[in-house]
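This report examines a protein chain through its side-chain pairs and one of its helices. Please keep the sequence and the structure in view while reading.

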Amino acid sequence: MWPSLGKPLLRLNQRYCCLISSKAVCVRQLCSSSTDFTDSCHNGLYPGHIYTTPVQKALLAVGSGVAALHNPYRHDMVAVLGETTGHLALINLRDRMRNDPEGYTILTERPRIRLSTLDLNKMASLPDGTLGREYLRFLEDNHVTPDSRADVKFVDNEELAYVMQRYREVHDLLHTLLGMPTNMLGEVAVKWFEAAQTGLPMCALGAVLGPLRLNASRLQSLLTSLGPWAVQNGRQARCILSIFYERRWEQSVEDLRLELNIQPPPITLNATDNRTT
């Protein structure tokens with residue numbers, strides 16, 4: 001039953017995403033024809049924004065959800081699912097950031113974590129154990145880059161769109177803080193933490209479905225050790241989006257964990273060839 005239902009929904013999503021992409025191209029062409037770029041080119045919100053009605057968002061959510069279930073490595077579909085289902089969670093995260101002095105500064109200054117904003121040479125010169133050095137080591141060991149994070153398109157609020165973008169860009173930093181590699185078990189453990197920390201439906205879905213892709217031994221490690229640790233720390237930790245990581249590269253990971261109320265992982269995982277981003 002599921003394959004017979006999934007394939008039509010997947011085809012529907014692919015067709016609809018083509019329409020949305022065409023609309024985005026038209027918007028960009030319209031804006032590029034003007035010498036003065038204004039936010040009105042993007043419905044008064046932010047560059048790249050694509051306005052969608054509630055019905056369109058529902059179609060995108062269903063279609064992207066089916067596509068993500070069919071292929072969990074379709075990170076573009078996972079991104080669409082997060083944007084079309086996360087409105088209430090994003091409001092809660094935004095409010096938590098507003099009520100935190102450091103989080104409020106982030107909302108005001110809107111920093112971005114990209115290769116163009118990172119001083120890689122300086123980070124490489126930092127002592128082992130510092131956030132900057134360990135984050136750079138994580139990127140190198142797992143062959144990932146912050147530039148691989150997709151830009152937000154379907155969130156119909158400029159501030160909430162930034163909150164979603166910030167969540168995506170600190171994801172690898174969260175791997176660093178939690179000591180989790182990008183293999184499937186590490187990703188699922190991080191999703192359990194994120195589900196408890198953020199309340200995003202996309203994270204909850206990943207936390208529920210991710211274990212289905214683990215073998216017996218890794219599933220046992222998740223259920224008896226990593227999972228309870230991730231959920232407990234996700235609930236008790238300070239809001240991970242309220243940390244100005246770019247100003248803390250010289251701080252030790254150990255000290256930052258203490259500040260965030262995050263306990264070290266109960267077991268050590270090593271990166272394998274089975275990596276995700």
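A salt bridge is a side-chain nitrogen of Lys or Arg within 4 Å of a carboxyl oxygen of Asp or Glu. By this definition the structure, which is a predicted model, holds 21 salt bridges.

## Confidence in the model

The mean pLDDT of the protein chain is 83, and 81% of its residues reach 70 or more. Over residues 15–43 the value falls below 50, and this stretch has 24 contacts in the model beyond near neighbours in sequence. Residues 273–277 also have a pLDDT below 50, with 20 contacts beyond near neighbours in sequence. Where pLDDT is low, the predicted coordinates should not be read in detail.

## Salt bridges

Among the salt bridges are the three in the table below.

| Pair | Closest N to O distance |
|---|---|
| R94 and D95 | 2.9 Å |
| R112 and E169 | 2.6 Å |
| R238 and E259 | 3.1 Å |

How accessible are the partners of these bridges? R94 counts as buried because its relative accessibility is 12%, under the 20% cut-off. D95, at 30% relative accessibility, is partly exposed.

R112 and E169 form a salt bridge. This pair ties together parts that are 57 residues apart in sequence, because R112 lies in the loop between α5 (101–109) and α6, whereas E169 belongs to helix α8 (residues 158–169). R112 is partly exposed at 30% relative accessibility, while E169 is buried, with a relative accessible area of 2%.

R238 and E259 likewise meet in a salt bridge. R238 is in the loop between α12 and α13 and E259 is in helix α13, so this pair joins parts that are 21 residues apart in sequence. R238 is partly exposed at 23% relative accessibility, and E259 is partly exposed at 34%. Both residues also belong to a network of salt bridges that links D100, E102, R238, R248 and E259.

## Aromatic rings

A pair of aromatic rings is described by the distance of the centres and the angle of the planes. A search of the whole structure finds one aromatic pair. Its members are Y135 and W249, which are stacked, with 5.6 Å from centre to centre and 5° between the planes. The pair counts as stacked because planes under 30 degrees apart are classed in this way.

Where do Y135 and W249 lie along the chain? Y135 is in helix α7 (residues 131–142) and W249 is in the loop between α12 (216–236) and α13 (253–260), so the pair links distant parts of the chain, 114 residues apart. Y135 is buried, with a relative accessible area of 0%. W249 is buried as well, at 12%.

Another ring has a charged neighbour: the charged end of R247 sits over the ring of F244, 4.0 Å from its centre.

## Helix α7

The helix that carries Y135 is α7. α7 has twelve residues and reaches 16 Å from its first C-alpha to its last, close to the 16 Å expected at 1.5 Å a residue. Which residues of α7 are buried? They are L131, G132, R133, Y135, L136, F138, L139 and N142. An α-helix has 3.6 residues a turn, so residues three or four places apart point the same way. The cover over the buried residues of α7 includes α6 (120–125), α9 (171–178) and α13. Just after α7, H143 takes a positive phi of about 55°.

Note on methods. Residues are numbered from 1 along each chain as its sequence is written. This is a predicted model: local features need pLDDT of at least 70, side-chain atom pairs count only at pLDDT 80 or more; totals for chains, interfaces and linings use all residues. Side-chain values use heavy atoms; hydrogens and water are left out. Rings of Phe, Tyr and Trp (its six-membered ring) pair if their centres lie within 6.5 Å; planes under 30 degrees apart count as stacked, over 60 as edge-to-face and the rest as tilted. Helices (H or I, at least four residues) and strands (E, at least two) are DSSP runs, numbered from the N terminus. Buried means under 20% relative accessible area, exposed over 50%, partly exposed in between (1.4 Å probe, protein chains only). A charge sits over a ring if NZ of Lys or CZ of Arg is within 6 Å of the ring centre and within 35 degrees of the ring normal. The expected span of a helix is 1.5 Å times one less than its number of residues. Contact means heavy atoms within 4.5 Å. pLDDT is the predictor's confidence in each residue, from 0 to 100.
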